[in-house]
Every structure is written in structure tokens, then in C-alpha cells.
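Me: I would like a close look at a single part of this model, set out as one connected account. Please take the sequence and structure shown here as the starting point.

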Amino acid sequence: MENKKIYLGSHVGMNGPEYYLGSVKEAISYGSNTFMFYTGAPQNSYRKPLSELKIEEGRKLLLESGFDEYKLVVHAPYIINGANRAREDILDLAKQLILSEVQRTAGFHAHILVLHPGSHVNLGEDVGIDALVECLDDALSKDKSDVKIALETMAGKGSEIGITFEQIAQIIEKCAYKDRLGVCLDTCHISDAGYDVHDVDGVLEEFNRIIGLDRLLVIHLNDSKNPRGAHKDRHENLGYGYVGFETIHKWATHPKLDNIPKILETPYINEKAPYKKEVAMLRNGEFINNWKEEFEN
Ligand code: FE
Ligand code: FE
Ligand code: ZN
């Protein structure tokens with residue numbers, strides 16, 4: 001029972017020689033109807049010029065294949081820490097990188113950029129939040145595109161900010177460019193942060209009360225290797241962790257979330273991408289016992 005309204009995909013790579021064209025082909029090979037990508041390596045901020053990335057070729061294929069550009073998601077590199085007030089040079093770099101990632105997102109004709117709120121490096125969450133707001137305001141004041149930044153809900157590793165809906169709401173509230181901000185909810189992260197991820201309606205009700213459901217722009221569908229409240233952030237394949245297939249399927253198909261792109265960031269198995277299998281199980285609503293076995297040898 002395929003539901004066309006569900007925008008479902010995974011993160012995909014972007015490597016030479018085909019770059020973006022290769023990303024789109026990869027998403028199609030998984031049976032996805034949306035996807036997320038990094039415009040360079042996730043771990044560093046080195047970025048190739050857009051002119052080398054075969055954007056128009058990729059775009060042609062994705063439009064022919066029925067993808068909606070408003071459902072595509074770009075993820076900013078992890079190393080951006082806009083909440084680090086301890087180092088003004090790092091904060092300045094964060095401002096530049098956020099602006100550049102917003103501009104690159106627009107350059108790919110995408111409209112949503114996921115950003116980790118960052119870590120306050122033991123200066124306290126309020127100091128971290130104010131630093132991040134300063135970065136967001138600085139970057140967004142210099143960009144006229146319609147790209148929205150989706151702040152990701154974090155697991156609470158180290159001194160991360162953005163662990164609670166209240167913190168995310170505070171960041172949005174303090175920003176001068178609220179219209180350009182939204183949220184990316186990660187099922188692994190909210191469970192690790194302490195929310196009861198199995199109570200989808202309860203979590204959505206709380207999200208709506210504190211942030212507003214209209215801010216929800218992306219869902220990351222991940223199982224978690226650790227129990228609720230563990231603050232670890234280790235993703236697991238669907239049905240092999242503490243979130244479980246049934247709950248992830250609920251998040252994937254919840255009617256209140258119909259128009260929101262849903263992205264898998266589950267681990268590779270034996271260097272093989274699991275996404276074709278995971279997308280199919282979510283579409284069919286049926287868990288295949290021991291499905292990982294076929295990847296394991
Ligand atoms: Fe993320
Ligand atoms: Fe995530
Ligand atoms: Zn994560």
C-alpha cells in the first residue's frame with residue numbers, strides 16, 4: 001500500500017565524476033522520492049565550487065523523475081559550531097560557513113538546510129544559545145534566498161545545545177529572521193535526549209505546544225543503539241535498536257507529517273547501503289525478520 005504522499009529517502013553521497021547527478025541516481029536506486037546530501041564531505045568544510053558539481057544534470061534527472069525540489073534536504077558539515085563563545089575566531093568561521101552553506105543550498109535549487117545547533121563548550125546553554133543566534137542573524141542578514149535553516153534536535157552528547165524543544169524554541173524566538181528557521185526532528189536523537197519516541201502523538205503534541213508543528217521541516221528516521229535518555233547519538237538500522245520498526249513506521253506514516261521529507265541516516269552494513277531495503281520496508285509497513293543477514297556476507 002504505497003502512499004505517494006510520503007516523501008521518503010536517505011542521505012546520499014556526492015562523489016566525482018558525476019557529483020550531484022550521481023546523488024540523484026543513488027536516490028533513485030533506493031526507490032526514494034526525496035533525499036539529503038552534503039555539498040562536500042560531512043566532516044570538513046572544504047567545498048568544491050558549485051560549477052564543478054553537475055548541478056544542472058542532476059536537476060534535470062530529478063525533475064524528470066518526479067522529485068519535488070521543496071522536499072530536498074542539504075545537511076551542513078558537522079564541524080560548524082555556532083554555539084562556541086569561547087573562541088571568537090571559531091564563531092566568525094561558523095558565521096561564514098553558515099552563510100556559505102545557505103548560499104550553496106540555494107545553488108542546488110534546494111530550500112532546506114539542516115544545521116546542528118552546536119556545543120556551548122561548558123560555558124552554559126544560555127551562552128551557547130546566544131552565540132548561535134548571533135551566527136544565524138549574521139548569516140541570514142546577508143542572504144536573500146528563501147532557504148530555511150532546520151535546527152536539528154540533538155541527543156545531548158557532551159555540551160550540545162538543542163536537546164530539548166524548549167531550547168530550540170528559545171533559539172527561534174531570539175532570532176531576528178524567525179521566518180527562515182525551522183526544525184529537523186531526529187528519532188534517534190530525541191530518544192537519546194530523553195523523549196518517549198514511541199508516543200508519537202504525545203511528542204507531536206509537546207512539539208506543537210512548545211515550538212509549533214508548522215516549524216517542523218524534516219524528520220530523520222533512525223533507530224538508536226542506546227536506550228531512552230542515553231545521550232549517545234549512535235544510529236542503528238531499522239528494527240535493530242531501542243526505537244524499533246513499528247515506532248519508526250509510525251513516524252514515517254503519521255498523517256500530521258504527510259508533507260514533511262523523511263530521511264534515513266542509518267549505518268552502512270559491511271560497507272553496503274541498507275536504504276533500498278529500509279525504504280521498501282517502510283513503504284510496505286512490514287518488517288522482515290533478520291533482514292540484515294543478506295548484507296552480512
Ligand atoms: Fe544531523
Ligand atoms: Fe540526524
Ligand atoms: Zn545523529
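How many of the five residues of β5 are buried?

Reply: Four of the five residues of β5 are buried, so this strand is largely enclosed by the rest of the structure; buried means under 20% relative accessible area, exposed over 50% and partly exposed in between, computed with a 1.4 Å probe on protein chains only. This is a predicted model, in which local features need pLDDT of at least 70 and side-chain atom pairs count only at pLDDT 80 or more, whereas totals for chains, interfaces and linings use all residues. Residues are numbered from 1 along each chain as its sequence is written, chains are lettered from A and ligands numbered from 1 in the order in which they are written, and side-chain values use heavy atoms, with hydrogens and water left out.

Strand β5 covers residues 148–152, where helices (H or I, at least four residues) and strands (E, at least two) are DSSP runs numbered from the N terminus. It belongs to a parallel barrel that eight strands close in the order β1-β2-β3-β4-β5-β6-β7-β10, and two strands are said to pair if DSSP finds at least two bridges between them. On one side, β4 runs parallel to β5 and is joined to it by four bridges, with Leu115 as the bridge partner of Leu151. On the other side, β5 pairs with β6 in the parallel sense, again over four bridges, and Leu151 stands opposite Val183 there. Elsewhere in the barrel, β1 (residues 8–12) and β10 (residues 262–264) pair in the parallel sense over three bridges.

The connections on both sides of β5 pass through helices. From β4 the chain crosses through α4 to β5 in a right-handed β-α-β crossover, and β5, α5 and β6 make a right-handed β-α-β unit as well; right-handed means that, with the strands pointing away from the viewer, the path from the first strand over the helix to the second runs clockwise.

Helix α4 (residues 125–141) packs on the sheet, touching β4 (112–115), β5 and β6 (181–186), where contact means heavy atoms within 4.5 Å. Its direction makes about 160 degrees with that of β5, the axes being lines fitted to C-alpha atoms, for helices over the stretch in contact, and the angles running from 0 to 180 degrees between N-to-C directions. The buried residues of α4 include Gly128, Leu132, Leu136 and Leu140, and what covers the buried residues of this helix includes α3 (88–107), β4, β5, α5 (165–174) and β6.

Glu152, within the range 148–152 of β5, is also a metal ligand: the iron ion (ligand 1) is coordinated by His75 (NE2), His116 (NE2) and Glu152 (OE), at 2.2 to 2.3 Å. Donors are N, O and S atoms within 2.8 Å of the metal (3.2 Å for Na, K and Ca), and water is not among the atoms, so sites may look incomplete. His75 lies in strand β3 (residues 73–75) and His116 in the loop between β4 and α4, so this pair ties together parts that are 41 residues apart in sequence. His75 is buried, with a relative accessible area of 1%, and His116 counts as buried at 17%. Glu152 coordinates a second iron ion (ligand 2) too, the two iron ions being 3.4 Å apart, while the zinc ion (ligand 3) is 5.3 Å from the iron ion (ligand 1).
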